[in-house]
Amino acid sequence: MAQEQPDRTDQPEHVDVVIVGAGLSGVGAAYRLQEQCPGTTYTILEGRDASGGTWDLFRYPGIRSDSDMFTLGYPFKPWTGEKAIADGADILQYIRDTAAENGIDRHIRYRHKVVAASWSSDEARWTLDVVVGEDAAPTRITASFLFMCSGYYSYDKGHTPDFPGIEDYRGRVIHPQEWPEDLDVSGTRIVVIGSGATAVTLIPNLAETAEHVTMLQRSPTYIGSLPAVDPLGQLVRRALPTRAAHTFNRWRSVLFNTAFYQFCQRRPALAKTLMKKRVAAELPDDVPVDPHFDPTYDPWDQRVCLVPDGDLFTAMRAGRASVVTDRIDTFTETGIRLVSGAELEADIVVTATGLTLVAAGGITFDVDGRTITPGETFVYKGFMLSGVPNAAMCVGYTNASWTLRADITAQSVCRLWNLMRRRGHTMAVAEITEDEASSAQPLLGLTSGYVQRAAALMPKQGNRAPWLLRQNFILDLLAFKRGDLTESIRFSSPDKRARRQRAELDRELDELVDA
């Protein structure tokens, strides 16, 4: 792909908007900027050497979407793949095709990692410290607006607990985020530690060639099964033009998923009973629902895992995979000894134990010399951070496809940027009152371990608009279309800034005269 090169002069190169991250969110943000903000200059800074974000980073067997592509895909580019629950390679190609078709790829600068961002109110711009290439050569770029689309987990490493005795284990330990390309699992005994989306994706794929795969879980997870190929979606495609079919399928999915989530929230006991019955019908006769598929929490307190065509259960019925619910006592030379005293022999142990969350890609921020800690900020209307001028951060839904929220965020940024240009404003900053900040709540309302570990690092939300991050696409879309984007925003323009500076200078002169 084409790649812009930075201007190697003493004066940093300046663009209107810098987008950080060339994944699903970053490419979507660039499309919206081109579509809705004509004349705006922008660049995408990507720390890795390839686009695609999550879908390029993760290479473990069977990686796929954990929601349907009608909603994970962009609203402006119909998903035409056969599978609604798509393979990772197909999603990656979809993102790259979107970038190429719209000239977005020409704006991506690879191996450009943003390490620090400093805002100057006097200059009304961000100065970004960037390291480039393998030798991490330093450079600087300035921007009037900063749009962070780097997700909320570390690309450097995943989370692996300090397991006792792991140094004694003679087999191979692998985290899915660092999957070896040349790994051959044929005829091996594998233990996958974990029961989340990564684990239930890996297990049926590994079981195709491994001797046996065991899912070792400390506690169970809710699991739902859907067809990989949506029969109704296929029928709609045959009956309607491509874009109309995509819109219909997208809204059908939104309405169904919203209704299911609301049902789980309002009738958790009934939802739990129904989900357990569906799982029980797919399990082998010798595998009980309790304790292996009977979570202690309510549905959607953590994400519900999706297995297309029930492939996990198919592997279990065939005897190629099994589940053990227990705690680890210690690793041994040949496997894992459990608290119950049982031992699991393993040639390979896969630690599907979660992600390491970071806010805004781990960038260090300061505003007029004052260090900004993301964990002390609040999210405004789902896209700005309190006290941080001319900046936005993309945060997706926890109960629906990431792209639904990401696209609203991108369009909100475009709307704000256009408003600032029309009115001559050079700065926009969301300001929260002490009363609003007193109702601080975690940003991601899940009880999952990876979320709880990083709760203090992530921005917070309040308990009411505009500081509440709702997990409801329909309400968010209505609020975006009808809402007042100037609410709780302080704008500034060059004339106002000059008057303020003159007033400050006058006060200083008066103080000198008085002295």
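Asp329 lies in strand β13 of what is a predicted model, and this residue serves here as the point of entry to the description. With a relative accessibility of 36%, Asp329 counts as partly exposed. Leaving aside its neighbours within four places in sequence, Asp329 is in contact with Pro164, Arg337, Leu338 and Val339. Asp329 and Ala342 are separated by 13 residues in sequence, and their C-alpha atoms are 9.7 Å apart in space.

The strand that holds Asp329 belongs to an open sheet of three strands, arranged in the order β13-β14-β15 with antiparallel pairing. The edges of this sheet are formed by β13, which spans residues 328-331, and by β15, which spans residues 343-345, each of them pairing on one side only. Neighbouring strands of the sheet are turned against each other by 20° on average, when direction is ignored. Between β13 and β14, the latter comprising residues 335-338, three bridges are found, and the two strands run antiparallel. Within this pairing, Phe331 stands opposite Ile336 of β14. In general terms, the strands of a sheet pair through backbone hydrogen bonds, in either a parallel or an antiparallel manner.

A second open sheet, in which the pairing is parallel, is built from five strands in the order β7-β16-β8-β9-β12. Its edge strands are β7, covering residues 172-174, and β12, covering residues 321-325, and each of these pairs on one side only. The twist from one strand to the next averages 20°. Inside this sheet, β8 (residues 189-193) and β9 (residues 212-217) pair in the parallel sense over five bridges, and the bridge partner of Val191 in β9 is Thr214. Helix α5, formed by residues 197-206, lies across β8, β9, β12 and β16 (348-351), and the helix runs at about 165° to β9.

Further strand pairing is found around β4, β5 and β6. Strand β4 (residues 112-120) is joined to β5 (residues 125-132) by eight bridges, and the two strands run antiparallel. Ser120 has Arg125 as its bridge partner in β5, while Ala116 stands opposite Asp129 in that strand. The two strands form a hairpin with four residues between them, and in the turn Ala124 has a positive phi of about 55°. Strand β4 is also joined by four bridges to β17 (residues 364-367), with which it runs parallel; in this pairing, Ala116 stands opposite Thr364. Strand β5, in turn, pairs with β6 (residues 137-148) in the antiparallel sense over seven bridges, and Trp126 has Ala143 as its bridge partner in β6. The hairpin of β5 and β6 has four residues between the strands, and within this hairpin Gly133 takes a positive phi near 75°.

Among the helices, α14 (residues 473-482) has as its buried residues Phe473, Asp476, Leu477 and Phe480. When the helix is seen down its axis, these buried residues fall within an arc of 100°, so they line one face of α14. The elements that cover the buried residues of α14 include α7 (242-266) and α11 (402-423). The N-terminal end of α14 is capped by Asn472, a side-chain oxygen of which lies 3.1 Å from the backbone nitrogen of Ile474.

The cysteines were considered last, and the structure holds zero disulfides. For Cys305, the closest cysteine sulfur is that of Cys264, and because the two sulfurs are 14 Å apart, they are too far from each other for a bond. Cys414 is likewise in no disulfide, although the nearest cysteine sulfur, which belongs to Cys37, is 3.8 Å away; a disulfide requires the two sulfur atoms to be within 2.5 Å, so this separation does not qualify. Cys305 is buried, with a relative accessible area of 5%, and Cys414 also counts as buried, at 1% relative accessibility.

Definitions and conventions
Residues are numbered from 1 along each chain as its sequence is written. This is a predicted model: local features need pLDDT of at least 70, side-chain atom pairs count only at pLDDT 80 or more; totals for chains, interfaces and linings use all residues. Side-chain values use heavy atoms; hydrogens and water are left out. Two strands pair if DSSP finds at least two bridges between them. Axes are lines fitted to C-alpha atoms, for helices over the stretch in contact, and angles run from 0 to 180 degrees between N-to-C directions. Buried means under 20% relative accessible area, exposed over 50%, partly exposed in between (1.4 Å probe, protein chains only). The arc is that of the directions from the helix axis to the C-beta atoms. Contact means heavy atoms within 4.5 Å. A polar contact is a pair of N or O atoms within 3.5 Å; within protein, one must be able to donate a hydrogen and the other to accept it, and residues adjacent in sequence count only if both atoms are side-chain atoms.
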